[in-house]
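Colleague: I keep reading labels such as buried, oblique and cis. Could you walk me through the reasoning behind them?

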Amino acid sequence: MRGFIRVVLATLMVIVSARVSNAQTANNPAKPGDLPAISGYEQELSKEVARELKEFSPKTDNVGNVWVEFGNGEPHRLIATGMDQPGYVVSAITSDGYLRVQRLPQGAPNGVFDALNFAQPLWVLTRGEKKVNGVFAGLSVHLQPGRVNGPKMNHPDEMYVDLGAKSAEEVRAAGVDVLDPIVLQTNWMAIGKNGEAGLGALNHVDIAALTQLIREMKSSNAKGTTAIAFVAQQYTGGRGLNRLLTEIQPSEMIYVGRVRPEQSADGKVVPEAPKPGAGAVLGSPSTATEAGQKFVKELQAVAEKEQIKTVSMAAAAPRIASYTKGTELPGRFVELGVPTLWPVTPAEYASWQDVTQMQALLEAYLQVQQPPGEGGEGGSTFSRISESVLQSLVVTYGASRHEEAVRQVVLNRLDARLRSKVTMDAGGNLVLHLGDAKKDAKTPRIAIVAHMDEIGYEVKQIEGDGRLQVEVLGGGYTQYFLGHVVLVHKKDGSKIGGVLELPSGWEKAGFEWPMSSRSMDEPARVYVGTQSKKETEGLGIAAGDFVTIPKAYRELLGTRANGRSFDDRVGCAALIAAANAIGPELPGRDVTFVWSTREEIGLEGAAAFAEQAAKEGRSPDFVFAIDTFVSSDSPLESKRFADATIGDGFVVRAVDNSNVAPREYVDRVVALAREHSIPVQYGVTGGGNDGSVFVRYGSVDVAMGWPLRYAHSPGEVIDTKDVDALGKIVEVVARQW
């Protein structure tokens, strides 16, 4: 309560909630706690903190620490928190334009840290202070059946960064070079009404709390000297703290950060950490001096007097590692923090109520008598991404069985003269028929199909403890989704943040992600910050709501781009482009465009349309399924098949797991493309396509698509030149096949 609830908590809620409702927009950090700071690369954050606190004459040093001092004399207090978070640094640039990486710190903070980064969007932070979009490469699940000894996606040896570059020269021309730090593009989410989750969530709230505390110090009656500090390089051995202790030499200290339970002497027993809702956590080593034990008791007494909720535990002290003996912590030392879930992962969760208790204890310790003036609730300005057809489709959410919003975008993007011709069938498909060919005409009857849905999850039930039991809609690798923040899409169209929980045992040594394509079929649960079914229902969540990973459209280098659900929003965009180019009149032809539903859960929408067309005697002679050509154009994939290069044109999907197109028709598509100077490729890939469900009714399925890297992941990468080529060939087929 007091100043923190009115200012820091309100501001965090507004900013983080804005990110939930604007998850499809550009995510550019704007406040000190928002700036990514990899260990040893905190300079930008240090400068921003110093600028934010300019009126308090902050001090800095050679390591990058920033601190502010108040008062004089003894006792000499230090309250400090870390600024950095784990990440990577560019260690090499390959000749074909990929980045290799090394961890910072070089030891992994937990056993799943690397695994959770594969196929995720990232920033490279350049020397010129630019944030360059990229993605970590990941396996495409469609290409793995039958593969022997494939990558496990759990170590930097298998990590490649894809910026969309084609050469090392192109990488360097973008300002990227060896030693540039790399950090995931953070999606902080408000979780229910109680807290936030995201990579570095604890840093986020700790930096905000100490920044606010500095602003309250004018009302402090504490005697002596108080230094409040933001320290660098905590993950690389506490170098910032070591430097600051040497400089300040405090007589007592509170370290604000992650309070880790103290292990047994043999390292085999680790006590359970407090859970969110327990209040502020006071930690002290079991070997604490008498002065340290007394300090803990004093803070406990303050908390009891002020009715501040706390829990105490034996805790491991902040690590100060050095080749020589580091500076000793003062005798009067205590750690202060809040409980977290899934620490040091993209799903890290902290409760705002616990942070409030921590802030109240710091205020009471420093005898802050008056809350600050009413703080505004802040806000955040998000620039909307460009409204191109493809971009507007990509940023729209629509998991299988929940395509309503995508249907609306398709309709809105069609030429106004076409919209009146569009119908929706019983399967939820959008259907547009063009042409006036007679029933007995020689012109072939053609259907061109692209699916509107994307992979996701659906809420099956709310459990007694408030968590959501969810069913997968589609397939992919669980490590791309579990352990990350999600959006729960409610029936009223609003969204609320959650966390897809990590598998049981994730924190234990030797844990490995299951690599089977069936692993996504296992039950999963979403945490929404509640403790009961009634509390979750109070958020407006119900069975049947759908769940997705947040997404955005991100431009990469050159003509390349990243965005989850390119599969199959690229196909949808190609159909829109072709239909708009043709217009409402297509004399002598019989062409039907279909934007289908539920492809990811078994081609259900296309199957419903195909069955109805057969009943009406209107089965197409040819069906062109416009969908992803999952490409092995990646350093993680075998080039034995699916080797279509992104940027080299659309692809005739001649063979996949659902269909084999007759070679005469493959060759005919290729000839048409070359006749119209449209770049074309053809080959074999994995997965199924909507056109295959028409074959039983006598249709010939000739699937076409575009090469896609890292399919069914947040890291999907395309080359927009291929999208243009695809739209052109769809138009040519509609007019001339």
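Modeller: Here come some labels and the values behind them, and keep in mind that this is a predicted model.

Colleague: Let's start with the helices. Why are α12 and α15 called oblique to each other?

Modeller: α12 (residues 566-582) and α15 (residues 720-736) pack at an angle of about 50°. Roughly parallel needs an angle under 35 degrees, and roughly perpendicular runs from 65 to 115. About 50° fits neither, and therefore the pair counts as oblique.

Colleague: What else describes how α12 passes α15?

Modeller: The axes of α12 and α15 are 8 Å apart, and the crossing is right-handed. On the α12 side, the contact is made by V570, A574, A578, A581 and I582. From α15 come V723, L726, G727, V730, E731, A734 and R735. By class, that gives nine nonpolar, one polar and two charged residues.

Colleague: α12 came up for a peptide bond too. What makes the bond from D567 to D568 cis?

Modeller: Its omega is near 5°, and D568 is found in helix α12. Most peptide bonds are trans. A cis bond also joins E74 and P75, where omega is about -5°. P75 has its place in the loop between β2 (66-71) and β3 (76-82).

Colleague: Now phi. Which value does L603 have, and is the residue buried or exposed?

Modeller: L603 has a positive phi of about 60°, although it is not a glycine. Most residues other than glycine have a negative phi. L603 is found in the loop between β30 (590-596) and α13 (604-615). Its relative accessible area is 13%, and the cut-off for buried is under 20%, so L603 is buried.

Colleague: How do you know whether S677 is buried or exposed?

Modeller: Exposed means over 50%, and S677 comes out at 67% relative accessibility, so S677 counts as exposed. Its phi is positive as well, near 55°. S677 is found in the loop between α14 (663-675) and β34 (680-684).

Colleague: And what makes you call β24 mostly covered?

Modeller: In β24 (residues 485-489), five of its five residues are buried. V485, L487 and H489 point one way, V486 and V488 the other way, and all are buried.

Colleague: Which strands pair with β24, and in what sense?

Modeller: One is β25 (residues 495-500), antiparallel over five bridges, with L487 opposite G497. Another is β27 (residues 546-548), also antiparallel, over three bridges, and there V488 stands opposite V547. Pairing takes at least two bridges, so both counts qualify. β24 and β25 form a hairpin with five residues between them, and G493 in the turn has a positive phi of about 90°.

Colleague: Last one. Why are β19 and β35 said to stand at the edges?

Modeller: The six strands run in the order β19-β20-β30-β21-β31-β35 in an open sheet with mixed pairing. β19 (422-424) and β35 (700-701) each have a single partner strand, so one side of each is left without a neighbour in the sheet.

Colleague: Where does helix α9 pack on the sheet?

Modeller: α9 (residues 404-413) touches β19, β20 (430-434) and β30, and its direction makes about 25° with that of β20.

Colleague: And how do β21 and β30 pair?

Modeller: β21 (residues 445-451) and β30 pair in the parallel sense over seven bridges, and the bridge partner of A447 in β30 is T592.

How values were computed:
Residues numbered from 1 in each chain as written. Predicted model: local features only at pLDDT ≥ 70, side-chain atom pairs only at ≥ 80, totals over all residues. Heavy atoms only, no water. Buried < 20%, exposed > 50% of the residue type's maximum accessible area, 1.4 Å probe, protein only. Helix = DSSP H or I, 4+ residues; strand = E, 2+ residues; numbered from the N terminus. Axes fitted to C-alpha atoms, helices over the stretch in contact; angles between N-to-C directions. Parallel < 35°, antiparallel > 145°, perpendicular 65-115°, else oblique. Left-handed = near helix turned anticlockwise from the far one by under 90°. Contact = heavy atoms within 4.5 Å. Nonpolar A, V, L, I, M, F, W, Y, C, P; charged D, E, K, R; others polar.
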